[in-house]
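User: I am new to reading protein structures and would like to work through one with some questions about its side chains. Could you show it to me?

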Amino acid sequence: MIKDRLENGHAYDGLHKNFRMVMEILQSLNMEELKEGRIELDGEYVFMNVDNIHGKTLDEAKFESHRRYIDIQVPISGTEKMGFAPVGDMKKLTDSDEAKDYFFYADKVKDVVEVKKGEFVIFFPEDAHAPMIDCGDVHKKIIVKVAVKPNEDFGL
């Protein structure tokens, strides 16, 4: 997991071949004007979801992880707390959807990071995360999905 300010996004260009493009796009957007929905950035390998979400309490938060995609999450309005822990520490998988690349866990959130407008957090496949904690009734955010192995088979 990485947390930083959007203006420092290029510090992470070397971590993935598509991070430079993603950070340039995020830095150039007028985020308040974005409409809800999916925006294709590079076909199935990089896309962005703009969502209005409902916040959760710490007790309601559920851990999730993804095997095929890296998440770059950016709050547009307000502040959001996100739980995080290594996937290897998760004890109980409660639900999964391999086709949609979602894996959910019953473990309770212990560690949280606070992410404000103008900041981002990157969750890699080895990072379980529990987003949308204590962010109010409606919270607007961007979730960029970056394929872990572009141009390769996603079989794990």
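Analyst: The questions below deal with a helix, some aromatic rings and two aspartates in this model, which is predicted.

User: Which strands do the buried residues of helix H1 pack against?

Analyst: Helix H1 spans residues 19-28, and Phe19, Val22, Met23 and Leu26 are buried in it. They cover an arc of only 95° around the axis, which puts them on the same side of H1. The strands that the buried residues of H1 pack against are E3 (46-53), E5 (69-75), E10 (119-123) and E12 (139-147).

User: How is the pair of rings of tyrosine 12 and phenylalanine 120 classed?

Analyst: A search of the whole structure finds three aromatic pairs. For the rings of tyrosine 12 and phenylalanine 120, the centres are 6.0 Å apart and the planes stand at 80°. Planes over 60 degrees apart count as edge-to-face, so the pair of tyrosine 12 and phenylalanine 120 is edge-to-face.

User: How many residues apart are tyrosine 12 and phenylalanine 120 along the chain?

Analyst: This pair links distant parts of the chain, with tyrosine 12 in the loop between E1 and H1 and phenylalanine 120 in strand E10. Tyrosine 12 is buried at a relative accessible area of 16%, and phenylalanine 120 is buried at 0%. Along the chain, the separation of the two residues is 108 residues.

User: And how is the pair of tyrosine 102 and phenylalanine 104 classed?

Analyst: Tyrosine 102 has a relative accessible area of 30% and is partly exposed, while phenylalanine 104, at 25%, also counts as partly exposed. Their ring centres are 5.8 Å apart and their planes are at 0°. Planes under 30 degrees apart count as stacked, so the class of this pair is stacked.

User: Which side chain makes a polar contact with the side chain of aspartate 4?

Analyst: Aspartate 4 lies in strand E1, residues 2-5, and is buried yet has no salt bridge. The nearest side chain of opposite charge, arginine 5, is 6.5 Å away, whereas a salt bridge needs the charged atoms within 4 Å. The polar contact, at 2.8 Å, is with the side chain of asparagine 8.

User: Is aspartate 97 buried or partly exposed, and which backbone nitrogens does its side chain reach?

Analyst: Aspartate 97 is placed in strand E7, residues 93-97. Its relative accessibility is 29%, so aspartate 97 counts as partly exposed. The side chain of aspartate 97 reaches one backbone nitrogen at 3.2 Å, that of alanine 99, and another at 3.1 Å, that of lysine 100.

Notes
Residues are numbered from 1 along each chain as its sequence is written. This is a predicted model: local features need pLDDT of at least 70, side-chain atom pairs count only at pLDDT 80 or more; totals for chains, interfaces and linings use all residues. Side-chain values use heavy atoms; hydrogens and water are left out. Helices (H or I, at least four residues) and strands (E, at least two) are DSSP runs, numbered from the N terminus. Buried means under 20% relative accessible area, exposed over 50%, partly exposed in between (1.4 Å probe, protein chains only). A polar contact is a pair of N or O atoms within 3.5 Å; within protein, one must be able to donate a hydrogen and the other to accept it, and residues adjacent in sequence count only if both atoms are side-chain atoms. The arc is that of the directions from the helix axis to the C-beta atoms. Contact means heavy atoms within 4.5 Å. Lys and Arg count as positive and Asp and Glu as negative; His and the chain ends are not counted. Rings of Phe, Tyr and Trp (its six-membered ring) pair if their centres lie within 6.5 Å; planes under 30 degrees apart count as stacked, over 60 as edge-to-face and the rest as tilted.
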